[in-house]
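Work through the exercises below with the sequence and the 3D view at hand. Each task is followed by a solution in steps.

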Amino acid sequence: MTVRSDPKTGQRRASDGIGAPVTDPALIRNVALVGPSGSGKTTLVEALLAHTGVIPRQGSVLDGTTVCDHDPAAVRQHRSVTLAVAPVRYRDLKINLIDTPGYGDFVGELRAGLRAADAALFVVPAIAGADGEGIDPGTIALWEECAAVGMPRALVVARCDQARADVEATQIACQEAFGGVAPLYLPIEDGLYGLLSQTPEGAAPAGAEEARATLIEGIIEQSEDETLMDRYLGGEEIDTAALIEDLETAVVRGSFHPVVPVCAASGVGLDALLEVLSRGFPSPLERPLPPVTTIDGGPHEPLTADPEGPLAAEVVRTSADAYVGRVSLVRVFSGTLRPDTAVHVSGHVPAPRTSPEEAGAFPPGHDSDDRLGHLYSPLGSTLQETEACVAGDICALTKLAGAETGDTVSDADHPLLLRAWDLPEPLLPIAVVAKDRSDEDALARTLGKLVAADPGLILERNPETHQTVLWCTGEAHADVVLSRLREAGANVETEPVRVPMRVTLDHKAKVTGRHVKQSGGHGQYAICHVEFEPLPRGSGFEFKSAVVGGSVPTQYVPSVEKGIRAQLERGLTAPAEGPDAPPHPVVDVRATLVDGKAHSVDSSDAAFQTAGALALREAAEACGVRLLEQVDEVAVTILDDHLGAVLGDLSSRRGRVLGTEPTGTAGRTVVRAEVPAEELLRYAVDLRAMTSGTATFTRAFARYGERY
């Protein structure tokens, strides 16, 4: 076995055999490890890699020497911040272990990992059942998310050697939280006791008979053999092989979830876990594939995991490597990727956050043709060249310039578009600014790379506030984004996020816009009398002409309107904000041109435009302006236990509750409210703290309303 050192971390890694291509999708398993931060997912992957001989020795999360936590931010924080793929070989199978972050801020990486997987392995720490702590609410929410799409699931009770570890109590907590859960093994002094095989002989711990009966009954309930339960209750001894076959079928179907206790440090339970991963979890042939269309949205027949079928692969992660450039982690759903192949890249572009007036000005996606270079089998950050990647497998591509996370890679002659997975909506805005002018170019270059790589990050360049705003999923995510900017050479600082405002006139007024400059030669002459009045909210701008007698020539009436509109966009200042406040666009105003004067020589289109703008400024002086703030409609999904706290918090944010309604999930409620956007700048952080990370919310522009 050859061992290669990672040039960035110095870790010694075995790579022999990992790059060898698999030709049959039936020999592939794609498993995402899911669980709360600190549950032991990365350590478990490390133990499996060492146990199967992929690496010579097990690394440490605390020392920053694990295969999966290769990102500098992960090493610094001692927790995963990105997904990573680590394949192991077990018997004749290739098992792609997909390590996902457990912290809620990185849910975009987690969902990308679930997209690449065909099954989920939930990792629960053995202290979860101690002292009645129970299962982490975020883990329960993820379980429900997997259940909604019918994804097969199994559980690992990890860190069994930890102080206060209580495997039995944790298994009970899993049963109460998830249902359809039963242990396959019970811990004994020097290993595990198999409940179905009843081995080792004579080593059955206390409660083994009861646990075995519960397990068998659970398996029989899922069996397609309707006579099995009657035979079992009649005292017949059911063949173990038949039980195992029914167990495997139920796990693949997603209706039964085995539990395996594992100690990564000692290796106890690793063989049992590999058996579950290889025999219980489905191959790509047994899972439905994402819906597919032509690149223009036209219908296309459903795909299958056929290596000879049309090529359809998806970029689940994009990263930048100092040595090889851009690296695209790709799950192949149909067809086969081969080096030096012409491909088409079709992208899904998330709509940037903009003012409502700009919302429709962005393209829905991007398309480009490219040619593949080398293909690689990934092992964390280590890449080993491979000859092909068949349907169902995961590989890495380098220098695929136009590819971003979520893009579809298909044949250049038969371009396809896979329906994108549900991306998390980043709701925490962070305004960044270059520290000095020399950093502006580095900031612009790095921002594009970050947004292309991170499915949970959206970039907004606000045309009103002239701020560069990064929308993140939480504070931890924002810290990682800022650190990556600085590591790339962009010295940036943060500043308070400014929310665009509007103003409107306070009451009706008749004013004169006078622009007269006659000092010899061709002058400028335009006088217009305009009556302004406020309109109901959301009415916009209306212009009417009531000129009689030709006091304002017909050709100059549109010029007055144009001048007023230009001043509406340039905006007016609100005295309530102070003398140094920026101007805000004016909305909900009607202007009626009632009279004016013109000069046969000195009047012009430009002169009447200026007069119209001056008239609006005069109206603001005469009747004053009212400040209007952006109001968003929010929908907050919470556990019923948190309803009172959330309602009180919304009230403290000057919110107006529109109503509450139950969701399709028992014990959860949706609260709908209108809240000033200024009060929502840190709501993502505050809501997570208030509800222990169990709540989610969405927001959408509702209207502009008077500030109160």
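**Exercise 1: A sheet and its edges**

Task: Find the strand to which β24 (residues 428–434) is joined by four bridges, and give the sense of the pairing.

Solution. The model is a predicted one. Step 1: β24 is joined to β27 by four bridges, and the two strands run antiparallel. Step 2: one pair can be located by residue, since A434 has V492 as its bridge partner in β27. Step 3: both strands belong to an open sheet of four strands in the order β25-β26-β24-β27, with antiparallel pairing. Step 4: β25 (458–461) and β27 (492–495) each pair on one side only and are the edge strands. Step 5: the average turn between neighbouring strands of this sheet is 35°, direction ignored.

**Exercise 2: The partners of β30**

Task: Identify the strands that pair with β30, and locate a residue pair in each case.

Solution. Step 1: β30 (residues 524–534) pairs with β29 (residues 509–517) over nine bridges, in the antiparallel sense. Step 2: in this pairing, A526 of β30 stands opposite H515. Step 3: β30 is also joined to β32 (residues 589–598) by nine bridges, again antiparallel. Step 4: here H529 has D595 of β32 as its bridge partner.

**Exercise 3: α10 and α11**

Task: Classify the packing of α10 against α11 from the angle between their axes.

Solution. Step 1: α10 (residues 440–453) and α11 (residues 475–487) pack at about 135°, and their axes are 10 Å apart. Step 2: this angle makes α10 oblique to α11, because an angle must be over 145 degrees to count as roughly antiparallel. Step 3: the crossing is right-handed. Step 4: α10 contributes L443, T446, L447 and L450 to the contact, and α11 contributes V481, R484 and L485. Step 5: sorted by class, the residues of this contact are five nonpolar, one polar and one charged.

**Exercise 4: α12 and α13**

Task: Describe how α12 crosses α13, and list the residues in contact.

Solution. Step 1: the axes of α12 (residues 557–570) and α13 (residues 605–623) come within 7 Å and cross at roughly 50°. Step 2: the two helices are therefore oblique to each other. Step 3: their crossing is right-handed. Step 4: on the α12 side the contact is made by S559, V560, K562, G563, I564, Q567, L568 and R570; on the α13 side it is made by D605, F608, Q609, G612, A613, L616 and R617. Step 5: these residues divide into six nonpolar, five polar and four charged.

**Exercise 5: α14 and α15**

Task: Repeat the analysis for α14 and α15.

Solution. Step 1: α14 (residues 643–652) and α15 (residues 683–691) have axes that come within 10 Å and cross at roughly 150°. Step 2: α14 and α15 are therefore roughly antiparallel to each other. Step 3: α14 passes α15 in a right-handed crossing. Step 4: A645, V646, D649 and L650 of α14 meet Y683, L687, M690 and T691 of α15. Step 5: six residues of this contact are nonpolar, one is polar and one is charged.

**Exercise 6: Confidence**

Task: Find where pLDDT is below 50 over residues near the start of the numbering.

Solution. Step 1: the mean pLDDT of the protein chain is 89, and 94% of its residues reach 70 or more. Step 2: over residues 1–16 the pLDDT is below 50. Step 3: pLDDT also stays under 50 over residues 349–363. Step 4: where pLDDT is low, the predicted coordinates should not be read in detail.

Terms used. Residues numbered from 1 in each chain as written. Predicted model: local features only at pLDDT ≥ 70, side-chain atom pairs only at ≥ 80, totals over all residues. Heavy atoms only, no water. Pairing = 2+ DSSP bridges. Axes fitted to C-alpha atoms, helices over the stretch in contact; angles between N-to-C directions. Parallel < 35°, antiparallel > 145°, perpendicular 65-115°, else oblique. Left-handed = near helix turned anticlockwise from the far one by under 90°. Contact = heavy atoms within 4.5 Å. Nonpolar A, V, L, I, M, F, W, Y, C, P; charged D, E, K, R; others polar. pLDDT = per-residue confidence, 0-100.
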